[in-house]
Amino acid sequence: MRHFAEELRARQLPLDYTQLNHPKNSGTLGAELGQAILRHKPARLVMTAPGDWRVLKELQDTARSCNIPLEIREDRHFFSTVRDFAQHAKGRKQLRLEYWYRELREKTGILMKSGKPAGGQWNFDQENRAAFGKEGPGIVPPPLRFKPDAITSEVIQLVNAEFADHPGSVAASKEGFGWPVNRKEALRALDDFIKHRLALFGAYQDAMWTDEPWLYHAHIASALNLKLLSAQEVVSAAEQAYGNGTAPLAAVEGFIRQILGWREYVRGIYWMNMPDYLERNALNATARLPEFFWTGETEMNCLRETIQQTLQTGYAHHIQRLMVTGLYTLLAGIRPRAVHEWYLSVYVDAVEWVELPNVLGMSQYADGGVMASKPYAASGKYIDRMSNYCKGCRFDPAKSTGENACPITTLYWDFLMRHEALLAKNPRMVMQVRNLGRLSAADRKAIRAQTS
Ligand code: FAD
Ligand code: SF4
C-alpha cells in the first residue's frame, strides 16, 4: 500500500491515505472511510469490487450511513465476473472445475486451435505430477527474491514493533523478506518464473522435498492477489512461452488451469456462497487446532517441515497446503473455522475470497462437496510417495498401529471409519471404502485405540 501510495503521488494523482500507525487511525476501514467522507464531502463514492465479502459490507454500510451513493466497478484483474460464474452455475446440480475451465478456454480462445484445445486434449495430468525419485530434485533454479527498500524496511520495523507477539517472522528468517511489493518487482518475478521454472512446473507440481520450499512453482499468488499482476498478463506470458517453444504444452496447460481455472472458480464459489459459507461444517468436525500449528514443534516430519517453512517464509506450495497441513486437520476432525483462521493468518497470499473455498471446501470438505467431489483423504503413504519427508521421520507411513505407527495413516483409517456411512454414498470413494471393508473388527479396534 505504501509503495502504491508513492506511485500515485509520483503521478500527481490526488490521494488521501492513512497509514496503519497514524495516531488518528480509527482502526477499521469503514470508520476511516467515514472520516474521509467528512474531510472531502464527496457527492458519490466509486470503488473497484473488493475481493472479500466483509470489506464490501463494511464499505456499503458506511456509504449507507453517510447517505452517499456508492458505485461499484468490475475488478478487471480477472477473466470472468462473479455474475458470469452465477450464470454458469444456474441450473447445475453440481459444479465442477473442468466445465467452468473449458467454458473459459472457449470464451477466451486461450490454448485453443480452430475451436479445439491445443494438443487435442483439455488435460495433461498424465504427463504432470511426478515425484522426484530417490535422488531428489537436484539443483532447482532459485526464485527471484527482492531486497527490502527503505519503505519495506520501515514496515518491517513497524510490524516487529506492533506485532512482536504474532507467529511467524518478517526479517529474522533464514530467507528474509523477499516478496515483490511493487509492479516492477512483480513483473520481474513473473518473468523469472516463465524463463526458469515454467517448463518443469507441471512435472513437479505435486512433488515435495525437505528444505526445498520453492521448487518449480511461480510464487506469484501474493502479487496476483495484491493486483500487482493481472490474471490476463500471467496467462498470456505462459501461453507465449508455449508459442515460442520454451515450455511444453503439458506444463503450460497445467499452469494456466490454475489461474484461468481454479482461481476464477474459487472466486465464483466464494461469492455464490457467502456469508453462510464461513459456517459450513458438513463433517461436524469439532476438535481444537493443535498448538504445534503455531510453532512447528511436532515429531511428524512432514508437518514440521511444512509448518516451519510456512512460519519462516509465509509460503508453502499447493500440495503442502492440501496434502500435509490440510490433510492432517481433515483427518483429525479439526473445526473448519479454526483451520480457516490459521490459513488466513500464515500465508503471504492469504485473502479470504481465495483462501476460504480452498481451505473449507477443497481441503476440509466442510461444504459437503460444493467445491470438491470427494474429501482429499489419504494415508501417510501418499506423502511418502510424493516427498522424502518420511525418510527423516521417526514414524512409518505404512503402519497404522504400534509404537512407530504414522499418525496420519492411523487418522486416515479412523477418518474412514468415522464417516463410513457418508463416504459409502460417494462413487469416487468406492475404492477407499472397499479397502476399509477389508479391515477386521480387531484392526478397527486397534486403530481406534491408537488415536485415543
Ligand atoms: P503456483 O503453484 O505456481 O500456481 C500458480 C498460480 O495459480 C498461483 O499463484 C495462484 O494464483 C493460482 N492457483 C493455483 N492453485 C489455486 C487454487 N487452488 N485456487 C486459486 N488459485 C490457485 N491461494 C491463494 O492465492 N491464497 C490463499 O490463501 C490460498 N490458500 C490455500 C489454502 C489451501 C488449503 C489450499 C489447498 C490452497 C490454497 N491456495 C491459496 C491455492 C494455492 O495453493 C496457492 O495459490 C499457491 O500455492 C500459491 O503459490 P504459487 O504462487 O507458487 O502457485
Ligand atoms: Fe508424515 Fe507419517 Fe511420513 Fe512421518 S511417516 S513424515 S508423520 S507421513
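This section describes selected features of a predicted model, from its ligand site to its helices and loops.

The site of ligand 2 comes first. Ligand 2 sits in the largest cavity. The surrounding shell consists of Met300, Asn301, Cys302, Gly380, Ile383, Tyr389, Cys390, Cys393, Phe395, Pro397 and Cys406. Two elements each give two or more residues to this shell: helix H12, residues 301-313, and helix H16, residues 380-386. By class, nine residues of the shell are nonpolar and two are polar. None is charged.

The N-terminal region was examined next. Met1 belongs to the segment that precedes helix H1, residues 2-10. Its relative accessible area is 74%. Met1 is therefore exposed, as the value is over 50%. Met1 and Tyr17 are separated by 16 residues in sequence. In space, their C-alpha atoms are 9.0 Å apart. Gln12 follows in the loop between H1 and H2. Gln12 is not a glycine, yet its phi is positive, at about 60°. With a relative accessibility of 72%, Gln12 also counts as exposed.

Helix H2 spans residues 29-40 and holds 12 residues. From the first C-alpha to the last, H2 reaches 16 Å. This is close to the 16 Å expected at 1.5 Å a residue. Five residues of H2 are buried: Gly30, Glu32, Gly34, Ala36 and Ile37. An α-helix has 3.6 residues a turn, so residues three or four places apart point the same way. The buried residues of H2 pack against strand E1, residues 45-48, and helix H3, residues 53-65. Gly34 can be taken as one case within H2. Gly34 has a relative accessible area of 17%, so it falls under the 20% limit and is buried. Along the chain, Gly34 and Thr62 are 28 residues apart. Their C-alpha atoms are separated by 6.3 Å. Just after H2, Lys41 takes a positive phi of about 45°.

A buried acidic side chain was found in helix H5, residues 97-108. The residue is Glu98. Its relative accessibility is 18%, so Glu98 counts as buried under the 20% limit. Neighbours within four places in sequence were set aside. Glu98 is then in contact with Trp122, Asn123 and Arg257.

Further along the chain, Gly176 occupies the loop between helix H6, residues 150-162, and helix H7, residues 183-196. Gly176 is buried because its relative accessible area, 17%, is under 20%. Gly176 and Ser452 are 276 residues apart in sequence. The distance between their C-alpha atoms is 40 Å.

Helix H7 has 14 residues. Its reach from first to last C-alpha is 20 Å, close to the 20 Å expected at 1.5 Å a residue. The buried residues of H7 are Glu185, Ala186, Ala189, Leu190, Asp192, Phe193 and Ile194. They pack against several helices. These are H8, H9, H10 (residues 231-243) and H11.

The loop between helix H8, residues 198-201, and helix H9, residues 221-225, contains Asp211. Asp211 has a relative accessible area of 58%, so it passes the 50% limit and is exposed. Its phi is near 60°, a positive value in a residue other than glycine. Asp211 and Glu305 are 94 residues apart in sequence. Their C-alpha atoms lie 7.6 Å apart in space.

The last feature concerns the backbone between helix H11, residues 249-273, and H12. Pro275 is found in this loop. The peptide bond from Met274 to Pro275 is cis. Its omega is near 5°. Helix H12, which follows this loop, is one of the elements that give two or more residues to the shell around ligand 2.

Notes: Residues numbered from 1 in each chain as written. Chains lettered and ligands numbered in written order. Predicted model: local features only at pLDDT ≥ 70, side-chain atom pairs only at ≥ 80, totals over all residues. Heavy atoms only, no water. Near = heavy atom within 4 Å. 1 Å grid on protein atoms, 1.4 Å probe; cavity = no way out; pocket = protein on both sides within 12 Å on 5 of 7 lines; lining within 4 Å. Sits in = over half its atoms within 2 Å of the grid points. Helix = DSSP H or I, 4+ residues; strand = E, 2+ residues; numbered from the N terminus. Nonpolar A, V, L, I, M, F, W, Y, C, P; charged D, E, K, R; others polar. Expected span 1.5 Å × (residues − 1). Buried < 20%, exposed > 50% of the residue type's maximum accessible area, 1.4 Å probe, protein only. Contact = heavy atoms within 4.5 Å.
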